[in-house]
Amino acid sequence: MKVVQVIPVLSSGDACGNNCIAIHELLVEAGFESYVVAGRTIREPHVEAKDLSFLDCLGEEDVVILHFMMGSSVNLKFASLPTRKGMIYHNITPPGWFDQYNGEVASECRLGVDQAVYLRDKVDFVVAVSKYNRLDLQFKGYLCPIDVVPLLLALDDYVREPCAKVLRHHDHFLGSNLVFVGRVVPNKCFEDVIAAFAVYKNHYDSHARLFLVGAFDSGDPYVARLLRYIGELKLTDVRFTGHVSFDEILAYYRIADVFLCQSEHEGFCVPLVEAMALDVPVVAYAAAAIPETLSGCGVLLKEKDPLVTAGVIDRLLQDESMRARVLAGQRERLSELQHDVVARQLLGVLRRRLEG
Amino acid sequence: MSSTSASVDVESIVLAVKEDIARNCKAEQIPLFDEMEAGEVLGSSDQNMLFNRIYFSDTFDDAIEAEHLDYYHPLQGSSVAVFIKRVARKLCRGVVEPLCDRQSVHNVSSDALIRQLYFRVNSQDLTIDALARRIELLEIENDRLRRREKDCR
């Protein structure tokens, strides 16, 4: 029996791609004949990915697992295979977030939603990375078994040396550093991070800086609007880093005093776990899968008021005991997301579904 | 669920923060993001936020330092290991050396292009500054002439 993971885009730089590679390694280690098939690859993933024609030689005894992350022709090819079928569901951003900024991306998301609905009676099992994602699939009419297993993350990688250049440039300033990591897209609500930072800087720490770490397109109207907003708020210490390497990400977490997340749509939110792994206290807005990923740790805010958020950040930075308690909670949560723990859980689920 | 979560009572912290805001009259009107126009931004000064000159030069220096790829490196290890490595290197030479050379040529060309663009950007910045100063002077002169015209009437 061949176990084939299919992914529309395989990149070693993003959460879905990393998850696919980690599952492949896990399956190989467990003795399965595992393969990865990618619609296309970017940034040289350290695994040999086969092209889509590999799917044509599979039979009924084989299992194909689709990483569902976007609208793609790969999803349709998957639907037509004669094999048993599984899905790892990473969620699709609701198209409404992009409607006013990027019609093309909105259409891709809409296609993704339609294809997710189309596949509801064509898969035998699903692994969702959060209960939020499971609920999303149940709303879409999925009746097959849906197991929930968090993303398999190689947390050991986070002990690597951070980028010396970033540390050299940013580690010797007076004020606090607020950091958020994620692609600059509307559903992550960068404007709310910026608004909270503006209040924090005005009332609590005039030397504070905000680092927005993640890829952006400088021609994107959303980015344009964010820049205008920053100008309107007269902020000078906001830095968009653009796409950065892994060691640079580590460095930004190293200089961070608080990780501030105001995102309103996340299927899991890997940066929260990264912040936990690097002992950065998290302040986050309770939306989508974020409360589930934090699972009670960090500081989870039920309302999105920049004044309150800024005040809470100040408390967290001033009150040593609060900070220590938050970090202790995060470390405890992190122990549940360790590679070995999740790998055991995932392997149990996959064995049951593949061999059952 | 983490058991320590109960020890950080977020609700009461939020309440205390709200009291603090009310007590110290920290409330302020923050401009709404929805009021911002999403029009053209390219070429405006807003774009400067996306560019950090010092960081750029530093990254560029790193890139220049790593631009040349050497095919030959001193071989280390025991005499047997060195011999095996030398044989392996000779066998691979036909494939690896041209790749290294081509990559080095590409890197050097990219370096030259970036350098030219950077100089161009810098010179344009200087021109923009000079033009801005000229506009300022012309506006002063314009005001002076307007006042003079008014006085004459």
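The following dialogue reads selected features of a predicted two-chain model, from its sheets to its interface.

Trainee: Where should one begin with the sheets of chain A, and in what order do the strands of the sheet that holds strand 1 run?

Mentor: Strands of a sheet pair through backbone hydrogen bonds, either parallel or antiparallel. In this predicted model, one open sheet of chain A has 6 strands in the order 2-1-3-4-5-6, and their pairing is parallel. Strand 2 (33-42) and strand 6 (146-148) of chain A form its edges, each pairing on one side only. On average, neighbouring strands of this sheet are turned by 20° against each other, direction ignored.

Trainee: Over how many bridges do strand 1 and strand 2 of chain A pair, and which residue stands opposite Val9(A)?

Mentor: Strand 1 (residues 2-11) and strand 2 of chain A pair in the parallel sense over 9 bridges. Within this pair, Val9(A) has Arg40(A) of strand 2 of chain A opposite. Helix 1 (residues 15-29) of chain A packs on the sheet and touches strand 1, strand 2, strand 3 (63-68) and strand 4 (84-89) of chain A. The direction of helix 1 makes about 160° with that of strand 1 of chain A.

Trainee: What is the strand order of the sheet that contains strand 10 of chain A?

Mentor: That open sheet has 6 strands in the order 9-8-7-10-11-12, with parallel pairing. Its edge strands are strand 9 (238-242) and strand 12 (299-301) of chain A. From one strand to the next, the twist averages 20°. Strand 10 and strand 11 (residues 282-285) of chain A are joined in the parallel sense over 3 bridges, and Leu260(A) stands opposite Val283(A) of strand 11.

Trainee: Which strands does helix 8 of chain A lie across, and is the helix largely enclosed or open?

Mentor: Helix 8 (residues 246-255) of chain A lies across strand 7 (177-181), strand 8 (209-213), strand 9 and strand 10 of chain A, and runs at about 155° to strand 8. Because 7 of its 10 residues are buried, helix 8 of chain A is largely enclosed by the rest of the structure. Among these buried residues are Glu248(A), Tyr252(A) and Tyr253(A).

Trainee: Where does Ser263(A) lie, and is this residue buried or exposed?

Mentor: Ser263(A) belongs to the loop between strand 10 (258-261) and helix 9 (270-277) of chain A. With a relative accessible area of 0%, Ser263(A) is buried. A polar atom of its side chain lies 3.4 Å from the backbone oxygen of Asn187(A), and the backbone nitrogen of His265(A) lies 3.5 Å from a polar atom of that side chain. Beyond residues up to four places away in sequence, Ser263(A) touches Asn187(A), Lys188(A), Tyr285(A), Ala287(A) and Ile290(A).

Trainee: Which residue forms a salt bridge with Lys188(A)?

Mentor: The partner of Lys188(A) is Glu266(A), with the closest N and O atoms 2.8 Å apart. Lys188(A) lies in the loop between strand 7 and helix 6 of chain A, and Glu266(A) in the loop between strand 10 and helix 9, so the pair ties together parts that are 78 residues apart in sequence. Lys188(A) is buried at 13% relative accessible area, and Glu266(A) is buried at 8%.

Trainee: How should one read a salt bridge within a helix, such as that of Arg115(B) with Asp111(B)?

Mentor: An α-helix has 3.6 residues a turn, so residues three or four places apart point the same way. Arg115(B) and Asp111(B) are 4 residues apart in helix 3 of chain B, and are therefore separated by about one helical turn. The closest N and O atoms of Arg115(B) and Asp111(B) are 3.2 Å apart. Arg115(B) is partly exposed at 35%, whereas Asp111(B) is buried at 9%.

Trainee: What area is buried between chain A and chain B, and how many residues take part?

Mentor: The size of an interface is often given as the accessible area lost when the parts come together. Here about 4,200 Å² is buried between chain A and chain B, and carbon and sulfur atoms give 61% of that area. The contact takes 53 residues from chain A and 41 residues from chain B. In chain A, Arg225(A), Leu227(A) and Arg228(A) lose the most area to chain B, together 17% of what that side buries.

Trainee: How many salt bridges cross this interface?

Mentor: Across the interface of chain A and chain B there are 3 salt bridges. Lys18(B) forms a salt bridge with Glu303(A), with the closest N and O atoms 2.7 Å apart.

Notes. Residues numbered from 1 in each chain as written. Chains lettered and ligands numbered in written order. Predicted model: local features only at pLDDT ≥ 70, side-chain atom pairs only at ≥ 80, totals over all residues. Heavy atoms only, no water. Helix = DSSP H or I, 4+ residues; strand = E, 2+ residues; numbered from the N terminus. Buried < 20%, exposed > 50% of the residue type's maximum accessible area, 1.4 Å probe, protein only. Polar contact = N/O pair within 3.5 Å; in protein donor to acceptor, adjacent residues only side chain to side chain. Contact = heavy atoms within 4.5 Å. Pairing = 2+ DSSP bridges. Axes fitted to C-alpha atoms, helices over the stretch in contact; angles between N-to-C directions. Buried area = accessible area lost by both parts, 1.4 Å probe. Salt bridge = Lys/Arg side-chain N within 4 Å of Asp/Glu carboxyl O.
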